[in-house]
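Subject: Structure handover

Hello,

Here is the structure I promised to pass on. Please open it alongside this note, and then read on for what turned up in it.

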Amino acid sequence: NVLSVFAKSNGVNTCALKMAASIQAQFSLIDGSASNAVNCTTISESYDNGWWRFSIITTLATSYAWIATTTSSTTGNGVDGIYIWGAQVESGSYPTSYIPTTTTAVTRLADAASKTGISSLINSTEGVLYAEISALADDLTYRILSISDGTTAERIYIQYTNVTNTVAVVIKNGSTTQANMGYALSDETELAKVAIKYKANDFALWVNGFEVGTDASGTTPTGLSELAFDDGGGANHFYGNVQSLMIFPSALSDTELATLTTL
């Protein structure tokens, strides 16, 4: 369960979120740091022009009354305050984007994105698939983004796996794995820059400025024509954040890959 709000200082530099007397945390409107968290975890996200989004996450019984009767107050000076917007309560383990509601609950539909018919933009012989991404949660499920021929037989994909804090890349030709390289992240919910270089007998995985995996044997997929936030066949959708996603039609040099993926 998540409670979140957008906030900005107008002279007051601390914001508190509370679900109940025993579930609460304070946040700095200057640097986003959290303090005095009780029975919850916290997330701070920085936005432009001094705005922050603060969230507290906890687990509540299904019978728990969401609207707590406890209150907090402070005496102001009549001038200073806090701007707030978009307060939201969700049933889940992480905050999602703001959902406008009025008097009734709203169920979020999954975002979906794909682009087909782009074979002229994807070189099946060689290239680089690059993404700056983070997972919404380390929940041990497969979450994939891919370039493919519209099936799972011919594809190149980046994925979070069923192993904690692990990102991996896989190349398939004729449904046969040509390369499979993984890397242990310190925290997959933090943004990482990931690139897979593909070329016959020359595959490499780069993460955050370093080459962390290579494979010198294998063929590339054929007929790549689709970019999708799934496994190429419509399953294992990518639930995460994407800051950047690019396809290069040629295999970049090590120097270029280091520059591209450096945080």
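Contact here means heavy atoms within 4.5 Å. Please also keep in mind that this is a predicted model.

**Thr58**

With that cut-off, Thr58 touches Asn1, Met19, Ile23, Asn39 and Cys40, leaving out residues up to four places away in sequence. Thr58 sits in the loop between strand 6 (52-57) and strand 7 (81-90). Is Thr58 buried or exposed? Its relative accessible area is 10%, so Thr58 counts as buried. Asn39 also makes a polar link here: its backbone oxygen lies 2.9 Å from a polar atom of the Thr58 side chain.

**The sheet**

Next, the open sheet. It has 5 strands, in the order 16-15-14-9-18, with antiparallel pairing. Strand 16 (210-215) and strand 18 (240-248) are at the edges. Each has a single partner strand, so one side of each has no neighbour in the sheet. From one strand to the next, the twist averages 15 degrees.

Helix 1 (residues 254-261) packs on this sheet. The helix touches strand 9 (126-135), strand 14, strand 15, strand 16 and strand 18. Its direction makes about 155 degrees with that of strand 14.

Now the pairings:

- Strand 14 (residues 192-199) pairs with strand 15 (residues 203-207) in the antiparallel sense, over 4 bridges. Val194 stands opposite Val207 of strand 15.
- Strand 9 and strand 14 run antiparallel and are joined by 8 bridges. Ile133 has Ala192 of strand 14 as its bridge partner.
- Strand 9 also pairs with strand 18, antiparallel, over 8 bridges. Tyr130 stands opposite Met246 in strand 18.

How enclosed is strand 9, and how many of its residues are buried? The count is 9 of the 10, so strand 9 is largely enclosed by the rest of the structure. Take Ser134, which is found in strand 9. Ser134 is buried, at 2% relative accessible area. Setting aside neighbours within four places in sequence, Ser134 is in contact with eight residues named here in full: Tyr160, Glu188, Thr189, Glu190, Leu191, Phe238, Gly240 and Asn241.

**The nonpolar cores**

The largest nonpolar core has 27 residues. Which residues have the most contacts inside it? They are Ile147, Ile156, Ile158, Val194 and Ile196. Several elements give two or more residues to this core. They are strand 9, strand 10 (143-148), strand 11 (155-160), strand 12 (166-173), strand 13 (176-184), strand 14 and strand 15.

Ile147 is worth a click. Not counting residues up to four places away in sequence, Ile147 touches Ile122, Leu129, Glu154, Arg155, Ile156, Tyr198, Leu224, Glu226, Leu227 and Ile247.

There is also a second, separate core, with 15 residues. Among them are Val5, Phe27, Cys40 and Leu60. Cys40 came up earlier as one of the residues that Thr58 touches.

**Salt bridges**

The structure holds 3 salt bridges.

- Asp139 with Arg143: the closest N and O atoms are 3.5 Å apart. Asp139 is partly exposed, at 41% relative accessibility. Arg143 is buried, at 1% relative accessible area.
- Glu188 with Arg143: the side chains meet at 3.0 Å, N to O. Glu188 lies in the loop between strand 13 and strand 14, and Arg143 lies in strand 10, so the pair ties together parts that are 45 residues apart in sequence. Both Glu188 and Arg143 are buried.
- Lys197 with Asp202: the closest N and O atoms are 3.2 Å apart. Lys197 is buried, at 7% relative accessibility. Asp202 is partly exposed, at 28%.

Which residues do shared partners join into one network? Asp139, Arg143 and Glu188. Glu188 also links back to the sheet section, as one of the residues in contact with Ser134.

Best wishes

Definitions and conventions:
Residues are numbered from 1 along each chain as its sequence is written. This is a predicted model: local features need pLDDT of at least 70, side-chain atom pairs count only at pLDDT 80 or more; totals for chains, interfaces and linings use all residues. Side-chain values use heavy atoms; hydrogens and water are left out. Two strands pair if DSSP finds at least two bridges between them. Axes are lines fitted to C-alpha atoms, for helices over the stretch in contact, and angles run from 0 to 180 degrees between N-to-C directions. Buried means under 20% relative accessible area, exposed over 50%, partly exposed in between (1.4 Å probe, protein chains only). A nonpolar core is a set of buried Ala, Val, Leu, Ile, Met, Phe, Trp, Tyr and Cys residues joined through side-chain atoms within 4.5 Å. A polar contact is a pair of N or O atoms within 3.5 Å; within protein, one must be able to donate a hydrogen and the other to accept it, and residues adjacent in sequence count only if both atoms are side-chain atoms. A salt bridge is a side-chain nitrogen of Lys or Arg within 4 Å of a carboxyl oxygen of Asp or Glu.
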